[in-house]
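Colleague: Got a minute to walk me through this one? I have the sequence and the fold open.

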Amino acid sequence: MDVITFHYTISPDDFTRAGEASSDVKSKLKKMGVTPEAVRKVAIAMYEGEINMVIHAKGGEITVHISTERIEMVLEDVGPGIPDIDLAMQAGYSTAPDAVRSLGFGAGMGLPNMKKYSDEMEIHTVIGEGTTIRMVVNL
Amino acid sequence: MTIRELIDTGEFETIHVGERTDRSITKPFCCDLLSIAMGKAPEGCAWVTVMGNMNTLAVASLTDAACVILAEGVAPDEAAKQKAIEQNITVMKTGLPIFEAALLIEKRLSHEDA
């Protein structure tokens, strides 16, 4: 089975470009004829991850693997890591700075939304080294 | 009601006319926190908000909102206007408060059903 892979580099602290990678994946999936529901799930899950990388992790790398059965997103950063994943997964918990909140982010819904819109999600995090999140949306 | 029909009501000032204006509006949606809108904005909604920055447009595009209506006299900044053009999303504005703007859309939509 063929797998198509796309790779994106996410710039740190650049809210003017945040979301470009997710938008690009969204338009590619649409062109491939992926169902609107799956496209929406991927777009939301990936955008939340992308925004998290911009806010918390000095950017990072996103790799998207697309097959006929699933879409897998791997988000890798070399940020500060997540000290308490259970706490971070709670809706409403956020450590986003005020400047980010004034843009309308920082409601503490990023990780919960990523979990809600993906069919599988795994988080590997090491304090001071970085975080890798793998999400899958089944087709 | 389609996006085009909403534009043609003249109730709101048009800032950018995007693609697929023949698309039906499903319902109005009110939210100013992008993180919440990201998870909750219904597909095809007319999203009424006071957040006039480019991230609003990114969220509108990713959640497949039909259009964005900026309330309370908020105007999009230059980056947001560019994003509207890039993403081809219809953006309108109004001096009305969020609730009243959304109510106006809701009345038009429920009038259709009647």
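Modeller: Sure, here is a short tour of the sheet, a helix and the chain contact. Keep in mind that this is a predicted model.

Colleague: Start with the sheet in chain A. What is the strand order, and is the sheet open or closed?

Modeller: It is an open sheet of five strands in chain A. The order reads E1-E2-E3-E5-E4, and the pairing is antiparallel.

Colleague: Which are the edge strands?

Modeller: Strand E1 (4–10) and strand E4 (120–126) of chain A. Each of them pairs on one side only.

Colleague: How much are neighbouring strands turned against each other?

Modeller: By 10° on average, ignoring direction.

Colleague: Back to E4(A). How many bridges does E4(A) share with E5 of chain A?

Modeller: Seven, in the antiparallel sense, with E5 of chain A covering residues 130–138. As a landmark, Ile123(A) stands opposite Ile133(A) in E5(A).

Colleague: And what holds paired strands together in general?

Modeller: Strands of a sheet pair through backbone hydrogen bonds.

Colleague: Now helices. Where does H1(A) lie?

Modeller: Across E1 and strand E2 (60–66) of chain A. H1(A) runs at about 160° to E1(A).

Colleague: Switching to the contact between chains. How many residues come from each chain?

Modeller: Chain A puts in 21 residues and chain B 19 residues.

Colleague: Which helices of chain A each supply at least two residues to that side?

Modeller: Helix H1 (20–32), helix H2 (36–56) and helix H5 (110–117). H2(A) gives the most, with five residues.

Colleague: What classes of residue are on the side of chain A that touches chain B?

Modeller: Nine nonpolar, eight polar and four charged residues.

Technical notes:
Residues numbered from 1 in each chain as written. Chains lettered and ligands numbered in written order. Predicted model: local features only at pLDDT ≥ 70, side-chain atom pairs only at ≥ 80, totals over all residues. Contact = placed C-beta atoms within 7 Å. Helix = DSSP H or I, 4+ residues; strand = E, 2+ residues; numbered from the N terminus. Nonpolar A, V, L, I, M, F, W, Y, C, P; charged D, E, K, R; others polar. Pairing = 2+ DSSP bridges. Axes fitted to C-alpha atoms, helices over the stretch in contact; angles between N-to-C directions.
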